Amino acid sequence: MASRSEFSAQTLSVLAALCDQPSQWQHGYALAKQTGLKSGTLYPILIRLADRGLVEACWQDEPTPGRPRRHLYRLTSAGLASATGALASAAERAAERAAAVQAGTGKPRARVRPGPAAPGAVAGMTS
Amino acid sequence: MATVGRAVAWLLPAGRRDWIAAVWAEAHDVPPGLERLAWRAGGVWMFAREALVPRRVVRAALFAVAAAAAAWTAWPDSSVLHAAADRFGVIATVLLLAGLPLLARRFIGPVGDGWAARFLRVGGYAAILALIPVRAAVGPYPLTVPQLGSDLRVFVASGNSTHGMPGSSAGGPPWPGEIFFLVLTACYVVVLLWVTSRRSSVTPATLTIGTGAGIVFGLVMFSVAPLGLGSYASNPWLPGSQADPLVVLAWILLLGGPVAAGLLAARWHCRRPGRSIKLAQARIGQGVVAGVVANAVGALLVTVLGTGLIALLIKVERLRPLVYHAPHSSAAAAYGHVLHASQHASTYIAMCVVFPIIGLMMSALGVACVMPVPRQSDPQPGNGGGDSVPALS
């Protein structure tokens with residue numbers, strides 16, 4: 001049996017956001033917008049990743065006038081390696097699950113389109 | 001605001017102060033209004049978690065309180081026979097429950113995501129902790145024989161008896177019994193920690209199916225044997241053949257429940273029809289775990305409920321007429337029934353040993369028969385037919 005990920009789903013989403021631009025420093029609000037996580041969830045994840053040496057953090061050198069300095073984050077080299085591996089494993093598991101669901105229902109999943117739904121699309125969504 | 005922030009920051013460990021300041025500083029870049037308020041609320045929540053109420057401390061404190069209460073209730077008096085063995089049992093069980101998760105965290109990680117793993121782990125721990133005082137309550141009543149005929153007015157405790165709870169103060173063999181119970185508890189805790197850990201390969205669906213089946217089985221088994229299990233069902237509300245349908249259902253759930261849970265978990269794990277060896281092995285693995293969990297949960301549940309009920313009836317006289325409501329039944333007669341029930345309480349321990357083994361065998365058999373592992377020479381799907389096992393739809 002394949003092992004489950006050591007990272008939670010929320011942590012994987014943070015790693016994916018940091019992996020998008022691994023060499024760029026990103027600030028917390030940008031990560032929150034990319035991942036959809038609230039600050040009370042995002043920052044504990046960043047803290048744990050930093051404790052494990054997967055993420056490095058620093059204060060902004062030149063703050064915007066009138067605003068306090070911002071805290072910035074990016075993946076370390078170890079973090080990039082871990083994140084790449086974890087995200088690849090997660091993508092593989094998601095593909096297996098999607099294939100299983102598709103095979104189990106015997107028909108392709110209906111796509112959600114804006115506007116009035118066709119009867120077939122509604123039936124597909126509820127199957 | 002900055003002054004307040006600095007004032008409370010000292011409550012935090014040094015390594016965390018920067019993070020709280022980071023959340024607060026970032027709020028300036030969040031659009032004003034509810035969004036900024038929610039961002040700051042997240043910071044307050046984080047502060048509470050890091051400084052005031054760390055989750056691990058709360059969990060550890062709750063466990064310490066529950067374990068202390070259980071140990072206090074179960075602590076035998078020095079005058080009780082075999083008190084040393086009982087005290088060893090209480091201390092060793094609490095230390096086991098406290099120490100094994102710390103060891104497990106190192107190798108298999110913390111508890112898994114999702115409610116199924118947390119529910120099963122917390123429920124399992126609560127059940128094992130509850131068993132400490134109820135065993136102590138039931139234990140001192142070995143084979144008791146009524147004197148003066150049907151009046152059941154006088155009971156004689158046999159000091160040489162080997163009946164009753166293993167390791168009890170005046171019942172079965174003290175030290176071997178306590179060690180046996182400790183080993184059994186350790187096995188349950190180890191399996192519980194493994195199946196509910198984050199790095200375990202057991203899926204949340206498997207845990208849910210196994211736990212659900214186990215709860216149903218445990219409740220049915222409790223309705224058959226709420227006061228121990230002897231030659232007949234011990235349900236006082238369903239005397240004679242009235243309990244037969246429940247007994248039949250209990251047998252079906254004991255033998256068929258793991259098969260059903262195993263098949264459901266195996267199919268849920270991967271509904272793709274395929275004949276690769278790896279896929280088949282993964283399915284069988286999930287199915288076997290579901291079957292073992294189902295019967296183990298059932299056994300533990302009926303043990304806690306049954307032993308707990310017997311302990312309550314021993315300690316609380318007012319409850320006995322509710323259970324033994326036969327006409328012309330005196331208080332002494334009811335007490336006699338309860339004492340007899342305590343003799344059969346040891347069968348619950350036997351269930352805890354035997355039921356998971358039955359679950360393992362039946363689920364493995366069921367899943368392996370319905371979803372067999374293909375041979376190496378079987379062709380892959382789409383590569384032609386041949387002499388092969390038909391795939392499940």
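This short talk describes a predicted model with chains A and B, beginning with chain A and ending with a helix pair in chain B.

Good morning, colleagues. Let me start with chain A. This chain holds five helices and three strands. Read from the N terminus, their order is α-β-α-α-β-β-α-α. Chain A has 127 residues, and 23% of them count as buried. If we take the contacts in chain A with a separation of 6 or more, 52% of them join residues 24 or more positions apart.

I turn now to the place where the two chains meet. Here, 26 residues of chain B are in contact with 25 residues of chain A. Which elements of chain B supply at least two residues each to the side that touches chain A? They are α2 (14-26), α3 (34-52) and α10. Of these, α3(B) gives the most, with seven residues. By class, this side of chain B consists of twelve nonpolar, six polar and eight charged residues.

Next, the nonpolar cores. The largest has 71 residues, and the members that touch the most others are B:Met221, B:Val293 and B:Val302. Several helices of chain B give two or more residues to this core, among them α4 (55-74), α8 (204-224), α9 (244-269) and α13 (346-370). The largest share, 21 residues, comes from α10(B). A second, separate core has 31 residues and includes residues of both chains: A:Ile47 and A:Leu75, together with B:Trp19 and B:Met46.

Let me return to B:Met221. Leaving aside residues up to four places away in sequence, B:Met221 touches B:Ala250, B:Gly298 and B:Val302. B:Met221 also takes part in the contact between α8(B) and α9(B), and that pair is my last topic.

How do the axes of α8(B) and α9(B) cross? They come within 9 Å of each other, at an angle of roughly 180°. An angle over 145 degrees counts as roughly antiparallel, and α8(B) and α9(B) are therefore roughly antiparallel to each other. On the α8(B) side, the contact includes B:Ala205, B:Ile209, B:Ala213, B:Phe217 and B:Val220. From α9(B), the residues include B:Leu246, B:Ala250, B:Leu253, B:Gly257, B:Leu264 and B:Trp268. Sorted by class, the contact has 18 nonpolar and five polar residues, and no charged ones.

To close, I would point again to B:Met221, which is among the residues with the most neighbours within the largest nonpolar core and belongs to the α8(B) side of the helix contact just described. Thank you for your attention.

Terms used: Residues are numbered from 1 along each chain as its sequence is written. Chains are lettered from A and ligands numbered from 1 in the order in which they are written. This is a predicted model: local features need pLDDT of at least 70, side-chain atom pairs count only at pLDDT 80 or more; totals for chains, interfaces and linings use all residues. A nonpolar core is a set of buried Ala, Val, Leu, Ile, Met, Phe, Trp, Tyr and Cys residues joined through C-beta atoms within 7 Å. A residue is buried if 20 or more other C-beta atoms lie within 10 Å of its own, exposed if 12 or fewer, and partly exposed in between; C-beta atoms are placed from the backbone. Helices (H or I, at least four residues) and strands (E, at least two) are DSSP runs, numbered from the N terminus. Two residues are in contact if their C-beta atoms, placed from the backbone, lie within 7 Å. Ala, Val, Leu, Ile, Met, Phe, Trp, Tyr, Cys and Pro count as nonpolar, Asp, Glu, Lys and Arg as charged, and the others, Gly among them, as polar. Axes are lines fitted to C-alpha atoms, for helices over the stretch in contact, and angles run from 0 to 180 degrees between N-to-C directions. Angles under 35 degrees count as roughly parallel, over 145 as roughly antiparallel, 65 to 115 as roughly perpendicular and the rest as oblique.
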